[in-house]
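Work through the exercises below with the structure open. Try each task before reading its solution.

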Amino acid sequence: RPRVLSGIQPTADSFHLGNYLGAVRQWVTLQETHDAFYCVVDLHAITVATEPAALRRRSRVAAAQLFAAGLDPERATVFVQSHVREHTELAWILICQTGMGEAARMTQFKDKSAKFGEQAASVGLFTYPILQAADILIYQANSVPVGADQKQHLELTRDLGQRFNHRFGDTFTIPEPYILKEVEKITDLQDPSAKMSKSSSSPAGILDVLEQPGPLRKKVMRAVTDTGSEVLFDEENKPGISNLLRIQSALTGTAIPDLVARYEGQGYGTFKKEVAEAVVETFTPIRERTEKLLADEVELDRLLAIGAERARVVARHTMAEVRDRVGFLPSL
Ligand code: ATP
Ligand code: MG
């Protein structure tokens, strides 16, 4: 079985629709055909200042949501990144293979640090993509299901894997991104030029999986719409409506041209109401299952311990080889 690896940050109290459609839904599908490794990347979350109690809560919420969304702990290896220490160790070795200029080209660092200024950003936020490369390479992943915002980081991962293989001998599988065009970038409901994001969307711009039906409906109804009144797919002139069409199509399995035909002559109101219903119908069962899983922390932590143990076996194996190839003495 080919192997798949992906991660999600515990940087909010819920995942949003972009995380679900762009990543998590594919994770669930891929567990059927792949040897699947999925992690809650808490080491990534601390690249920006994070309160310990919030990190703890959000890590459990993130894990519970993954199981609630359909990941099966029997089939998929679901774990918390910091439980597998080898990620950090490999990250250091890869940091030493990365050029300053190469790291400085990463646009996510530029975007995320713009909020507080590059000088105030942590060095961890700067080296984040290299830790991500370690997350992927350490499992010898063939495929990495992510949204479009991760394309550049995946390129860096491939470059670092190839460079290591070239310098020290064949060690890492070079992974391919797995990005579904139709859902690669779900945009902010209030700003169709920006991606929906846990850390930078306004509350009105984001649809959280754990949100109640009332606020979800209200946000969809208030999503910025474009001039005119026809429901048409036109990324250039109708980015807001096009985003809602993409969402509706992904949630209902109806092709966009069929949706456009269905709403012809009906204006935005009916369309938005039906988008809101599709969102509520998808999110409600996930929210209910998440709440149930969170009610039993002992059981949740047990599932994560099983995942961590399985992940460690693979990570330790890769690291033993990496240490030797780099020239570190065996520790007896
Ligand atoms: P943060 O703002 O803290 O970075 P995020 O919303 O970007 O949070 P991540 O945890 O960084 O979420 O990303 C988890 C996965 O969700 C990644 O594969 C990412 O590509 C995907 N993803 C995030 N936002 C979107 C989006 N708007 N559309 C499609 N995929 C997305
Ligand atoms: Mg992100």
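The model is predicted.

**Exercise 1.** Sort the shell around ligand 1 by residue class.

Solution. Start with the classes: the shell has 11 polar, six nonpolar and six charged residues. Next, take the shell as a whole: 23 residues surround ligand 1. Then pick out the closest ones. They are Lys-112, Asp-149, Lys-195, Lys-198 and Ser-199.

**Exercise 2.** Find polar partners for oxygen atoms of ligand 1, and say how much of the ligand the protein buries.

Solution. Begin with His-16. An N or O atom in its side chain is 2.7 Å from an oxygen atom of ligand 1. Move on to Ser-197, where a polar side-chain atom lies 2.8 Å from a ligand oxygen. Gly-147 uses its backbone instead: an N or O atom there lies 2.8 Å from an oxygen atom of ligand 1. Now turn to area. Ligand 1 taken alone exposes 600 Å², and the protein buries 97% of that.

**Exercise 3.** Locate ligand 1, and name the elements that give two or more residues to its shell.

Solution. First, the site: ligand 1 sits in the largest pocket. Second, the elements: strand E1 (3-8) and helix H1 (17-30) each give two or more shell residues. Third, the top contributor: H1 gives the most, with four residues.

**Exercise 4.** Examine the backbone at Gln-140: where is this residue, and is it buried or exposed?

Solution. Place it first. Gln-140 is in the loop between helix H7 (123-137) and strand E4 (143-145). Check phi next: for Gln-140 it is near 55°, a positive value in a residue other than glycine. Most residues other than glycine have a negative phi. Finish with accessibility. Gln-140 has a relative accessible area of 18%, and buried means under 20%, so Gln-140 is buried.

Technical notes
Residues numbered from 1 in each chain as written. Chains lettered and ligands numbered in written order. Predicted model: local features only at pLDDT ≥ 70, side-chain atom pairs only at ≥ 80, totals over all residues. Heavy atoms only, no water. Near = heavy atom within 4 Å. Polar contact = N/O pair within 3.5 Å; in protein donor to acceptor, adjacent residues only side chain to side chain. Areas by Shrake-Rupley, 256 points an atom, 1.4 Å probe, with all protein chains shown as cover. 1 Å grid on protein atoms, 1.4 Å probe; cavity = no way out; pocket = protein on both sides within 12 Å on 5 of 7 lines; lining within 4 Å. Sits in = over half its atoms within 2 Å of the grid points. Nonpolar A, V, L, I, M, F, W, Y, C, P; charged D, E, K, R; others polar. Buried < 20%, exposed > 50% of the residue type's maximum accessible area, 1.4 Å probe, protein only.
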